[in-house]
Amino acid sequence: MTQELAPEDVPRSYTHREIMEILSGLLLALLTSMISTSVVGTALPTIVGELGGQEQLSWVASATLLTMTVSTPLWGKLSDIFGRKLMFQVALGLFVAASMVAGLSQNIGMLIAARAVQGLGTGGLSALVQVILGDIVQPRERGRYSGYVGAVFGVSTVAGPLLGGFIVDTDWLGWRWCFYVCVPIAVLASVVIQRVLRLRHVKRDVRLDVWGATTLTSGATALMLLLSLGGHEFDWSSPWAYGLAALSVVLFGLAVLAERRASEPILPPRLFRSRSFVLSSTASLLVGIALYGVLIYLPQFLQIVKGLSPAASGVMTLPMVLSLFLGSIISGRVVTRTGRWKIFPLAGMILVAAGLWLLSLLKADSGYVVLGVDIAILGAGLGMSMQMLILAAQNAAEGRDMAVSTSGVAFFRNLGGAVGVAAFGAILTNRVKAEMTAMLGAAHVRATGLALGTPEAIHHLPAAARRIVIQAFASAMSTVFLLGVPAAVLGLVAVVFLREVPLRSSRQAALQVSTGPAQSIRS
């Protein structure tokens, strides 16, 4: 049974200027947190060289992705209970504190722990930006502002490695500034949010779903450990892999039971009876596979096959950044004007599939113009898809489920990223080995002492060996990109079956809450 909110509990309307002021703080926080997840990539060799712990290198990168993904569903529910603004500030505080500790790290264990806490903060920020936007913006207007969120998300993800390379190469900065550089921006974001964000929070007498939270996050943790470390720390056919897979299945099964019994579940089972939520989450998972898979492994193609420096490879991704930005902004504005959104994820998934297929055709001698056009097509598709899928889920959700549906879709996108990185990495490693073995045998070149290190080390190999390694990587990367096409096609199928409900021009239709004791408070 539901009841309409009392007039004093209905969120007030915000002017465009007020929304942009709030959005500036949200985007600053999102920008700095997303950069922090990728900036460390180019700095890892230097970090490990100073702190030691080469065998734990993968944990420095995986810890943030792990905690970011598993915590995402929790933040939406916590914001329902304790308020959006408070939870956003808590997430931002965790991120700032962890960034400072990461920069001060004296050993690899301290750095890994700090990165894990960073991921908790990043998960909260990435989820709550969308939730707060849903609170302050009418459904019909969300496309206009979501375009900015999608653009910042894409730009920050691509810009991170470029910034990391610049910081490490600058003698008077050093790798510790990969973590310090985010702190001033995050503090500025906190000041802006404190000053301009004023939300009414309907505080209900509810309990946190502890059992559901424990089983859900533990199951996601087991799955993320399997995807992040499989093929690196242990073989895919090892007892560790089988054990983590079985553990994740059991924990997710227990999570389903817990969520069915809980009065206020973290991920309400009713969400999975919504076709819009299920299909949006499925498509987002598949978009995540394409996004993270390409962002992680495209720089390897540019640096190993094309011979570019880390900074130059970052510059080469600018066509993708620009097209993603334009795709997000333009699609958002058109949706705001028309209320119709489905055409954009449809066209976007087609462009993603086309972009991946074109990337699979690249060779070692492919021109930079061709490469730029290919990744621009991919970027445009991602820009038109990512935010529209969240809008679709928000638009179909009841008012009480807006936060958890938003964070749920974000969770599946992050999970897709982990799947993409793990799957593409395993395929790349196996294909490079197979291609090199075949070509070395055919050329009668001995492989003794031939070890694949950094791109710079590869380009210092003897000419015959270097040519074979580059050709092997080019062929393997083609396979990786080609296998991303089916994921994009499946995402397209999911979008086809999404039912288009025009975006509402008012929030009144969504503003219903469960009957029960409630108190409106300002945050």
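This passage walks through a predicted model of a protein, from its overall make-up to a surface patch and one buried residue.

The protein is built with 18 helices and four strands. It has 523 residues, and 55% of them count as buried. Contacts that reach across the sequence are a good place to begin: among contacts in the protein with a separation of 6 or more, 84% join residues 24 or more positions apart. On the outside, the accessible surface comes to about 21,300 Å², and carbon and sulfur atoms account for 65% of that area.

One part of this surface deserves a closer look. Phe 82, Leu 86, Val 90, Leu 94, Val 117 and Leu 120 together make a nonpolar surface patch of about 430 Å². Two helices, α4 (84-103) and α5 (108-136), each supply at least two residues of the patch. The greatest share comes from α4, which gives three residues. Leu 86 is found in this helix, α4. With a relative accessibility of 43%, Leu 86 counts as partly exposed, because that value falls between the 20% and 50% cut-offs.

Ser 284 offers a view of the interior. This residue lies in helix α11, which covers residues 275-305. Its relative accessible area is 3%, so Ser 284 counts as buried, a label given to values under 20%. Apart from neighbours within four places in sequence, Ser 284 is in contact with Leu 389, Val 409, Phe 412 and Arg 413.

Notes:
Residues numbered from 1 in each chain as written. Predicted model: local features only at pLDDT ≥ 70, side-chain atom pairs only at ≥ 80, totals over all residues. Heavy atoms only, no water. Buried < 20%, exposed > 50% of the residue type's maximum accessible area, 1.4 Å probe, protein only. Contact = heavy atoms within 4.5 Å. Areas by Shrake-Rupley, 256 points an atom, 1.4 Å probe, with all protein chains shown as cover. Patch = residues over 30% accessible without salt bridge, like charges linked within 9 Å, V, L, I, M, F, W, Y side chains within 5 Å. Salt bridge = Lys/Arg side-chain N within 4 Å of Asp/Glu carboxyl O.
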